[in-house]
Amino acid sequence: MAVAVPVIVPLWGGVTEYLTPNISIPIIVKETEKVPKSFSLAIKKNLDQHHWAKIEVDEVRKSLRWAYDHPVEARQVGLRGQEAVWEKWTRESVALSAADRFTEIAKMIQAERAKDSNSEQGNS
């Protein structure tokens with residue numbers, strides 16, 4: 001996106017927070033499926049409750065075909081994507097977002113420590 005190349009992406013999950021059909025070429029997701037146990041084992045993380053997009057080859061084909069058949073419009077999508085990147089993802093905005101998240105995590109850790117400390121005092 002940063003170099004004005006249109007992004008073809010399934011509009012599902014976390015990417016929907018920053019990618020829209022206006023700045024990307026969507027792959028339509030009609031359904032989801034449970035993450036396979038073999039994948040959970042491979043990354044050593046329990047993903048029993050997680051789902052991911054079930055991508056249909058025909059939907060990928062449609063998105064690729066649209067980009068091929070509409071090069072001017074696809075280029076415009078890429079340019080809008082580039083503009084969005086340069087507006088939203090500046091060093092300052094990313095740093096502020098990270099700082100906000102670190103503050104949230106620090107507060108959660110402090111609350112957990114206070115809870116542990118209170119329970120230890122109650123057991124004494």
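A salt bridge, as I use the term today, is a side-chain nitrogen of Lys or Arg within 4 Å of a carboxyl oxygen of Asp or Glu. Hold on to that, and look at lysine 37: it forms a salt bridge with aspartate 48, with the closest N and O atoms 3.8 Å apart. Lysine 37 sits in helix 1 and aspartate 48 in the loop between helix 1 and strand 4 (51-54), so this pair ties together parts that are 11 residues apart in sequence. When I say helix or strand, I mean DSSP runs (helices are H or I, at least four residues; strands are E, at least two), numbered from the N terminus.

Before going on, a word about the model. It is a predicted model, where local features need pLDDT of at least 70 and side-chain atom pairs count only at pLDDT 80 or more, while totals for chains, interfaces and linings use all residues. Residues are numbered from 1 along each chain as its sequence is written, and side-chain values use heavy atoms, with hydrogens and water left out.

The score pLDDT is the predictor's confidence in each residue, from 0 to 100. The protein chain averages 89, and 98% of the residues score at least 70. Among the elements, helix 2 (residues 57-69) has the highest mean pLDDT, 96, and helix 1 (residues 37-43) the lowest, 80.

Now the overall picture. The chain has 4 helices and 4 strands, and from the N terminus on they run β-β-β-α-β-α-α-α. The radius of gyration (taken over C-alpha atoms) can be set against the globule rule, which is 2.2 Å times the number of residues to the power 0.38. For this chain the radius of gyration is 21 Å, well over the 14 Å that the rule gives for 124 residues, so the chain is more spread out than a compact globule. Along its principal axes, the C-alpha trace spans about 75 × 40 × 20 Å.

Here is one pair to find in the structure: how far apart in space are alanine 106 and threonine 32? They are 34 Å apart, C-alpha to C-alpha, and 74 residues apart in sequence. Alanine 106 belongs to helix 4.

What about contacts, meaning heavy atoms within 4.5 Å? Of those in the chain with a separation of 6 or more, 48% are between residues 24 or more positions apart.

Next, the surface. Accessible areas come from the Shrake-Rupley method with a 1.4 Å probe, and for residues only the protein chains shown count as cover. The chain's accessible surface comes to about 9500 Å², and 58% of that belongs to carbon and sulfur atoms. I call a residue buried under 20% relative accessible area, exposed over 50%, and partly exposed in between (1.4 Å probe, protein chains only). Of the 124 residues, 17% count as buried.

With those words, back to our first pair: lysine 37 is exposed at 54% relative accessible area, and aspartate 48 is partly exposed at 32%.

That is one salt bridge, but how many does the structure hold? There are 8. In another of them, the side chains of lysine 30 and glutamate 59 meet at 3.2 Å, N to O. This pair links distant parts of the chain, 29 residues apart: lysine 30 is in the loop between strand 2 (25-27) and strand 3 (31-34), and glutamate 59 is in helix 2. Is glutamate 59 buried or exposed? Glutamate 59 is buried, because its relative accessible area is 5%, whereas lysine 30 is exposed, at 54%.

Staying in helix 2, aspartate 58 forms a salt bridge with lysine 62, with the closest N and O atoms 3.7 Å apart. These two are 4 residues apart, about one turn of the helix. Aspartate 58 is partly exposed at 36%, and so is lysine 62, at 38%. Put together, Lys30, Asp58, Glu59, Arg61 and Lys62 are linked in a network of salt bridges.

Let me also show you a nonpolar patch. Patches are made of residues with over 30% relative accessible area and no salt bridge; like charges are joined within 9 Å, and nonpolar side chains (Val, Leu, Ile, Met, Phe, Trp, Tyr) within 5 Å. Here Tyr18, Trp89 and Val94 make a nonpolar surface patch of about 300 Å². Valine 94 lies in helix 4 (residues 91-123) and is partly exposed, at 37%.

Last, a backbone detail. Most residues other than glycine have a negative phi. Alanine 4 has a positive phi, near 70°. You can find alanine 4 in the segment before strand 1 (8-10), and at 4% relative accessibility it counts as buried.

Note on methods: Contact = heavy atoms within 4.5 Å.
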